[in-house]
Amino acid sequence: MRIAISIDDTDNLESRGTGEIASLIAEELQQRGWGSCSYITRHQLYVHPDIPYTSHNSAMCFFADVGEGWLEPVIEYVSEFLEKESAPGSDPGLCVAVPARMTARNELIGFGRRAKREVIGMDEAYDLARRLGVHLSQHGGTGQGVIGALAGAGLRMSGNDGRLKGSLEFAQPYRMLRVDELLQHPVVDVVKSVTGEGLKDEDLVVLGEKPKTVLLDGASVLLVAASQSSDAKARWQTLHRKQLKAY
């Protein structure tokens with residue numbers, strides 16, 4: 001059974017971030033033998049004076065494939081973990097959804113997209129979660145993080161939002177690789193030009209600082225643009241992190 005686990009607002013300016021909390025949760029689920037976890041995605045939400053946030057107002061979400069009998073233990077474990085490990089002053093929220101059991105998944109996706117452009121209240125988030133049969137709970141502070149947690153689950157399910165947590169690491173010591181070499185990385189599903197221009201396996205790509213993939217059409221995509229490198233052999237380069245903020 002595939003489930004989406006989404007969390008938001010677990011940190012403060014001095015603590016470890018929500019992304020690290022999500023990683024610890026995923027690692028523990030696997031160590032306990034409850035299932036296997038996918039990569040973690042960061043979903044940027046609306047930045048507005050009426051919305052309290054630590055630094056970027058982004059939720060973290062990942063999929064986990066668990067046995068039928070492990071759903072409730074997972075929810076209980078993650079709830080207790082957030083209550084114990086979230087930072088003082090944070091307002092952590094948790095969403096756990098089972099996509100296969102949802103008959104109105106588009107409503108959840110629509111909620112996530114709205115949370116990227118407008119202020120939404122906690123009551124609306126809880127009402128939607130109840131109607132869709134999605135677990136939504138708060139674990140400290142005001143519980144405001146339930147809004148982002150629910151939105152993060154919807155955005156991850158859309159398959160077209162978010163940046164993968166962490167940057168890509170390659171064993172090779174140089175900073176230029178062929179497209180087919182990039183595709184050998186376990187997290188890179190597709191290498192794609194931002195202009196839609198076709199790429200060849202032998203095309204060289206200059207790797208910028210901390211290259212990241214984004215979630216597009218349900219795949220982990222490494223986006224590239226025309227190279228600005230002085231090396232005439234390199235036709236492409238990865239996008240700068242500022243360019244990736246749009247995703």
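This passage describes a helix pair, the buried face of a further helix and a loop glycine in a predicted model. Local features were considered only at pLDDT of at least 70 and side-chain atom pairs at pLDDT 80 or more, whereas totals for chains, interfaces and linings use all residues. Residues are numbered from 1 along each chain as its sequence is written, and side-chain values use heavy atoms, with hydrogens and water left out.

Helix 1 (residues 18–31) packs with helix 2 (residues 71–85) at an angle of about 140 degrees, the axes lying 11 Å apart. The two helices are therefore oblique to each other (under 35 degrees counts as roughly parallel, over 145 as roughly antiparallel, 65 to 115 as roughly perpendicular and the rest as oblique). Ile21, Leu24, Ile25, Glu28 and Leu29 of helix 1 meet Val74, Tyr77, Val78, Phe81, Leu82 and Glu85 of helix 2, contact being defined as heavy atoms within 4.5 Å. These residues comprise 9 nonpolar, no polar and 2 charged.

In helix 3 (residues 105–114), Leu108, Ile109, Phe111 and Gly112 are buried (under 20% relative accessible area, with over 50% termed exposed and values in between partly exposed; 1.4 Å probe, protein chains only). Viewed down the axis of helix 3, the buried residues fall within an arc of 155 degrees and so line one face of the helix; the arc is taken over directions from the helix axis to the C-beta atoms. The buried residues of helix 3 pack against helix 4 (122–132) and helix 5 (145–158).

Glycine 141 is located in the loop between strand 6 (135–138) and helix 5. Its relative accessibility is 65%, so glycine 141 counts as exposed. Glycine 141 touches Ser90 and Asp91, residues up to four places away in sequence not being counted. The C-alpha atoms of glycine 141 and aspartate 91 are separated by 4.5 Å, although the two residues are 50 residues apart along the chain.

Conventions. Axes fitted to C-alpha atoms, helices over the stretch in contact; angles between N-to-C directions. Helix = DSSP H or I, 4+ residues; strand = E, 2+ residues; numbered from the N terminus. Nonpolar A, V, L, I, M, F, W, Y, C, P; charged D, E, K, R; others polar.
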